[in-house]
Amino acid sequence: MSKVINGKVYDTDKARLVADADNGCLPGDLDYYCEALYRKRTGEYFLHVEGGARSIMAKSCGSNSWSGSSEIRPLSYDAAEAWAEKNMDGDAYQEAFGEIEEDGGETARLTFTLPAGLKERLEREAALRALSRGAGARSPGSSKQMSVRPGARRPCWDRR
């Protein structure tokens, strides 16, 4: 799926699948729901969300008729990291976002203003290098249990 959002192209065929999570239903099921986290070459993240006619992705298509749908949702680095923390196991998370420092050492918070372009470049560079949460400059989403396939070769909706 490819979509242009705010002048940026998000393409599931060109981006790298980081992980996906689904509710255990098969793609043809009315209750099917799946989220797949992707990372673009630029370091930007997005979710490809897909669901059946009885999921939160249901769309009305006429008088008392419903269909499943899919959409792409751009994510900030922080939102992608939060999604991964919720949906991935520890090893897969650290592989995607870098090792977590648990040294308990003292930290200091800095607040400063940067031009928007520089901020985006820093976030992309941090994502490309898989820097841990505090290592780069960055700014301070079915009722069923989701199953996760970190770094899957095929997204959850393409099972054969």
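Colleague: I would like to learn to read this fold from its beginning; how many bridges join β1 to β2, and how do the two strands run?

Modeller: In this predicted model, β1 and β2 run antiparallel and are joined by four bridges. Ile-5, for instance, has Lys-8 of β2 as its bridge partner. The hairpin that these strands make has two residues between the strands, and Asn-6 takes a positive phi near 50° there.

Colleague: Which other residue, although it is not a glycine, has a positive phi of about 55°?

Modeller: That residue is Asn-64, with a positive phi of about 55°, and its place is in the loop between β6 (59–60) and β7 (66–67). Asn-6, for its part, is found in the loop between β1 (2–5) and β2 (8–11). As to their surroundings, Asn-6 has a relative accessible area of 77% and is exposed, while Asn-64 counts as exposed at 74% relative accessibility.

Colleague: Before we go on to the helices, what pattern does the protein follow when read along the sequence?

Modeller: The order is β-β-β-β-β-β-β-β-α-α-α-β, made up of three helices and nine strands. The protein has 160 residues, of which 35% count as buried, and its accessible surface comes to about 10,300 Å², with 48% of that area belonging to carbon and sulfur atoms.

Colleague: How should I read a helix, and which residues of α2 are buried?

Modeller: The general idea is that an α-helix has 3.6 residues a turn, so residues three or four places apart point the same way. In helix α2, which spans residues 90–97, the buried residues are Ala-92, Tyr-93, Ala-96 and Phe-97. Viewed down the axis of α2, these buried residues fall within an arc of 110°, and they therefore line one face of the helix.

Colleague: What does the face of α2 turned away from that buried side carry?

Modeller: Asp-91 and Glu-95, both exposed, are carried on that face.

Colleague: And what can be read at the start of α2, and which residue follows the helix?

Modeller: At the start, Asp-89 has a side-chain oxygen that reaches to within 3.2 Å of the backbone nitrogen of Asp-91. The residue that follows α2 is Gly-98, and its phi is positive, near 95°.

Colleague: Two of the buried residues in α2 are aromatic, so to speak of rings in general, what describes a pair of them?

Modeller: A pair of aromatic rings is described by two values, the distance of the centres and the angle of the planes. This structure holds six aromatic pairs. One of them is formed by Tyr-45 and Phe-97, and it is stacked, with 5.4 Å from centre to centre and 20° between the planes. Because Tyr-45 lies in strand β5 (residues 45–51) and Phe-97 in helix α2, this pair ties together parts that are 52 residues apart in sequence. The rings of Tyr-93 and Phe-97 are also stacked, because their centres are 5.3 Å apart and their planes stand at 25°, an angle under the 30 degrees at which stacking is cut off.

Colleague: Where do Tyr-93 and Phe-97 lie relative to one another along the chain?

Modeller: Both lie in helix α2, four residues apart, which is about one turn of the helix.

Colleague: Which residues form the one aromatic cluster, and is Tyr-45 buried or exposed?

Modeller: The cluster is formed by Tyr-45, Tyr-77, Tyr-93 and Phe-97. Tyr-45 counts as buried at 2% relative accessibility, Phe-97 is buried with a relative accessible area of 1%, and Tyr-93 counts as buried at 8%, given that buried means under 20%.

Colleague: Which charged end sits over the ring of Tyr-10?

Modeller: The charged end of Lys-40 sits there, 4.4 Å from the centre of the Tyr-10 ring.

Colleague: To finish with a charged residue in a helix, is Glu-123 buried or exposed, and what joins its side chain to that of Lys-119?

Modeller: Glu-123 has its place in helix α3 (residues 116–128), and with a relative accessible area of 18% Glu-123 is buried, because the cut-off for that word is under 20%. The side chains of Glu-123 and Lys-119 are joined by a polar contact of 2.9 Å.

Key: Residues numbered from 1 in each chain as written. Predicted model: local features only at pLDDT ≥ 70, side-chain atom pairs only at ≥ 80, totals over all residues. Heavy atoms only, no water. Buried < 20%, exposed > 50% of the residue type's maximum accessible area, 1.4 Å probe, protein only. Arc of directions from axis to C-beta. Polar contact = N/O pair within 3.5 Å; in protein donor to acceptor, adjacent residues only side chain to side chain. Areas by Shrake-Rupley, 256 points an atom, 1.4 Å probe, with all protein chains shown as cover. Phe/Tyr/Trp six-rings, centres within 6.5 Å; stacked < 30°, edge-to-face > 60°. Lys NZ or Arg CZ within 6 Å of the ring centre and 35° of its normal. Pairing = 2+ DSSP bridges.
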